[in-house]
Amino acid sequence: MPAVKIRGLRWWIIGLLMLGSIVNYLTRSALATAAPTLKTDLGITEREYSWIVGTFQGTIMLQPVCGYVLDRVGLKIGLGIFAVAWSFICMAHGFARSWQSFAGLRGLLGFAEGCANPAGMKATAEWFPAKERGLAGGVFNIGASVGSMLAPPLVAWAILEYNWQTAFVITGIIGLAWSGLWLAFYNSPEKHAALSDDERGYIAAGQERHLQGDGGRPSILKILARRNFWGIALPRFLADPTWGTLTFWVPLYLSTVRHFDLKQIALFAWMPFLAADFGCLFGGVIVMALQRRGVNLINARRCAFTLGACLMTGMAFVGFVNSPYAAIALLSLGGFAHQTLSVTVITMSSDLFKRNEVATVAGMAGTCGNGGLLIFNLVIGSLVTAIGYTPFFVILAALDLIGAAVLWALVREPRARGDELVSVPRPLNPSSPKS
């Protein structure tokens with residue numbers, strides 16, 4: 001009996017991946033909401049907390065390893081293994097009794113969860129034509145915002161009803177449930193029985209021929225030698241500290257500076273991530289709108305990133321407003337702005353590199369992003385008790401503006417030349433001739 005064909009299967013696939021991203025960010029964000037309770041119960045200081053978070057950021061920098069595994073063994077098996085691993089590691093957090101044991105578990109969790117963005121970008125490159133990748137990438141990245149948004153109310157409920165250990169067990173069980181869905185329903189476009197011939201042809205027709213790849217092993221050294229890699233990696237190094245601050249430090253900021261209790265944190269800490277959901281879609285919509293007006297894909301993405309960087313300047317004023325609700329509003333603007341630019345630069349790995357390189361490139365760029373986050377996190381942990389949070393909010397706004405300048409200066413649109421890719425400047429003027 002022939003398999004039932006599912007109309008618009010590519011969007012169901014990206015929805016499944018978005019659900020996985022929700023679970024990924026839910027499990028990694030659970031610690032932040034539990035942090036005020038852990039500080040009291042286990043006597044963890046701000047500096048020790050920064051080391052716990054820093055261990056996670058240090059091992060998540062091994063994303064190139066995750067990306068390489070995904071490029072070699074495929075998304076179905078690779079992501080399934082990583083997801084099962086991060087679910088059990090999350091549950092093990094409930095047995096931690098010191099900051100050192102938390103740091104060790106966060107290190108393991110960081111490595112396992114580092115597969116998320118490489119997996120999302122690889123799936124976006126394989127399942128979507130170029131013109132839809134920005135929107136598809138935005139849909140996938142909604143998962144990061146939703147997962148981070150769900151963590152405060154879910155974890156606060158678990159702590160208030162049971163204890164902080166239960167919060168980690170619940171989020172881990174949710175991860176195992178998604179792993180089963182993934183292994184049961186995912187397959188590549190070449191093998192998926194529910195993909196119609198018309199949709200398979202539509203996807204193939206919209207792929208750039210010079211980015212198809214040959215199925216060989218990606219060369220990390222060759223990737224490092226390309227200016228386009230650094231053109232997306234350095235902006236991520238500068239921009240990603242914003243997401244880390246929202247995820248790991250805002251609950252503590254609301255507790256220590258704005259004097260919110262756990263219930264108030266549950267009511268308000270999710271709002272920046274709700275705004276970030278809209279930013280995920282806004283970035284993709286801006287790119288599509290600019291393309292309809294004749295702007296080429298790469299320049300459209302750079303414009304969207306720049307707009308997000310300009311909006312990020314509002315976050316510089318978080319520490320200067322008296323009203324805690326105004327501070328929440330500015331943090332929400334920061335979440336919206338960050339995801340507007342973040343989804344744009346993350347998606348560019350699928351625009352600039354061959355299919356068999358995308359997950360590796362996304363992982364390597366993620367390493368740079370998490371390197372920036374790690375440094376910023378350790379600096380916050382060392383200095384926040386002395387100088388407060390306000391200078392850090394100002395710095396975050398400035399870093400994104402620098403990132404926009406780097407993106408414009410380094411990235412070049414690739415063109416085919418034989419079997420290789422070359423990067424050449426392309427003017428912004430839509431009427432310029434195409435080679």
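Reader: How many aromatic pairs does the structure hold?

Author: Happy to start there, with a reminder that this is a predicted model. Rings of Phe, Tyr and Trp pair if their centres lie within 6.5 Å. By that rule, the number of aromatic pairs in the structure is 23.

Reader: Let's take one of them. Is the pair of Phe102 and Trp164 stacked, edge-to-face or tilted?

Author: A pair of aromatic rings is described by the distance of the centres and the angle of the planes. For Phe102 and Trp164 the centres are 5.7 Å apart, and the planes meet at 45°. Planes under 30 degrees apart count as stacked and over 60 as edge-to-face, with the rest as tilted. The pair of Phe102 and Trp164 is therefore tilted.

Reader: Which helices does this pair of Phe102 and Trp164 link?

Author: The two residues are 62 residues apart, so the pair links distant parts of the chain. Both Phe102 and Trp164 are buried. Phe102 belongs to residues 99-113 and Trp164 to residues 164-185. Those helices are α5 and α8.

Reader: What is the angle between the planes of Phe102 and Phe168?

Author: Phe102 also pairs with Phe168, and both of these residues are buried. Phe102 in helix α5 and Phe168 in helix α8 are 66 residues apart, another link between distant parts of the chain. The ring centres lie 6.1 Å apart, and the pair is tilted because the planes are at 55°.

Reader: Which residues form one aromatic cluster with Trp86?

Author: Trp86 can be found in two places in this account. Trp86 helps to line the second largest cavity, as does Trp178. In the aromatic cluster, Trp86 is joined by Trp127, Trp178, Trp182 and Tyr186.

Reader: On to cavities. What is the volume of the largest cavity?

Author: The structure holds 5 cavities of 30 Å³ or more. The largest cavity has 24 lining residues, and the closest to its centre are Tyr25, Arg28, Asn117, Asp240 and Trp243. The space in this cavity comes to about 230 Å³.

Reader: Which element gives the largest share of the lining of the largest cavity?

Author: Several elements give two or more residues to this lining, including α1 (9-42), α2 (46-60), α6 (116-127) and α11 (227-256). By class, the lining has 9 nonpolar, 11 polar and 4 charged residues. The largest share is 6 residues, and the element that gives it is α11.

Reader: Over which ring does the charged end of Arg28 sit?

Author: Arg28 and Tyr25 are both among the residues closest to the centre of the largest cavity. The charged end of Arg28 lies 3.9 Å from the centre of a ring. That ring belongs to Tyr25.

Reader: How many charged residues does the lining of the second largest cavity have?

Author: This cavity has a volume of about 70 Å³. Its lining includes Leu17, Gly20, Ser21 and Asn24, and the largest share, 4 residues, comes from α1. By class there are 7 nonpolar and 4 polar residues, while the number of charged residues is zero: the lining has no charged residues.

Reader: Is His259 buried, partly exposed or exposed?

Author: His259 lies in the loop between α11 and α12 (262-268). Most residues other than glycine have a negative phi. His259 has a positive phi of about 60° although it is not a glycine. Its relative accessibility is 62%, and the cut-off is over 50%, so His259 counts as exposed.

Reader: How many disulfides does a search of the whole structure find?

Author: The sulfur of Cys115 has its closest cysteine sulfur in Cys66, 5.7 Å away, which is too far for a bond. Cys280 is in no disulfide either, as the nearest cysteine sulfur, that of Cys115, is 18 Å away. Cys115 is buried, at 0% relative accessibility, and Cys280 is buried at 0% too. For the whole structure, the number of disulfides found is 0.

Reader: How far apart in space are Met91 and Val169, C-alpha to C-alpha?

Author: Met91 has its place in helix α4. With a relative accessible area of 14%, Met91 is buried. Met91 and Val169 are 78 residues apart in sequence, yet in space their C-alpha atoms are separated by 4.3 Å.

Reader: What separates the C-alpha atoms of Ser382 and Glu48?

Author: Ser382 is in helix α16. Its relative accessible area is 36%, so Ser382 is partly exposed. Ser382 and Glu48 are 334 residues apart along the chain, and their C-alpha atoms are separated by 9.6 Å.

Notes
Residues are numbered from 1 along each chain as its sequence is written. This is a predicted model: local features need pLDDT of at least 70, side-chain atom pairs count only at pLDDT 80 or more; totals for chains, interfaces and linings use all residues. Side-chain values use heavy atoms; hydrogens and water are left out. On a 1 Å grid over the protein atoms alone, a cavity is a set of points where a 1.4 Å probe fits but cannot get out, and a pocket is an open set with protein on both sides within 12 Å along at least five of seven lines; lining residues have an atom within 4 Å of a point. Grid points are joined across faces, edges and corners, and a volume is the space filled by probe spheres set on the points. Ala, Val, Leu, Ile, Met, Phe, Trp, Tyr, Cys and Pro count as nonpolar, Asp, Glu, Lys and Arg as charged, and the others, Gly among them, as polar. Rings of Phe, Tyr and Trp (its six-membered ring) pair if their centres lie within 6.5 Å; planes under 30 degrees apart count as stacked, over 60 as edge-to-face and the rest as tilted. Buried means under 20% relative accessible area, exposed over 50%, partly exposed in between (1.4 Å probe, protein chains only). A charge sits over a ring if NZ of Lys or CZ of Arg is within 6 Å of the ring centre and within 35 degrees of the ring normal. A disulfide is a pair of cysteine sulfur atoms within 2.5 Å.
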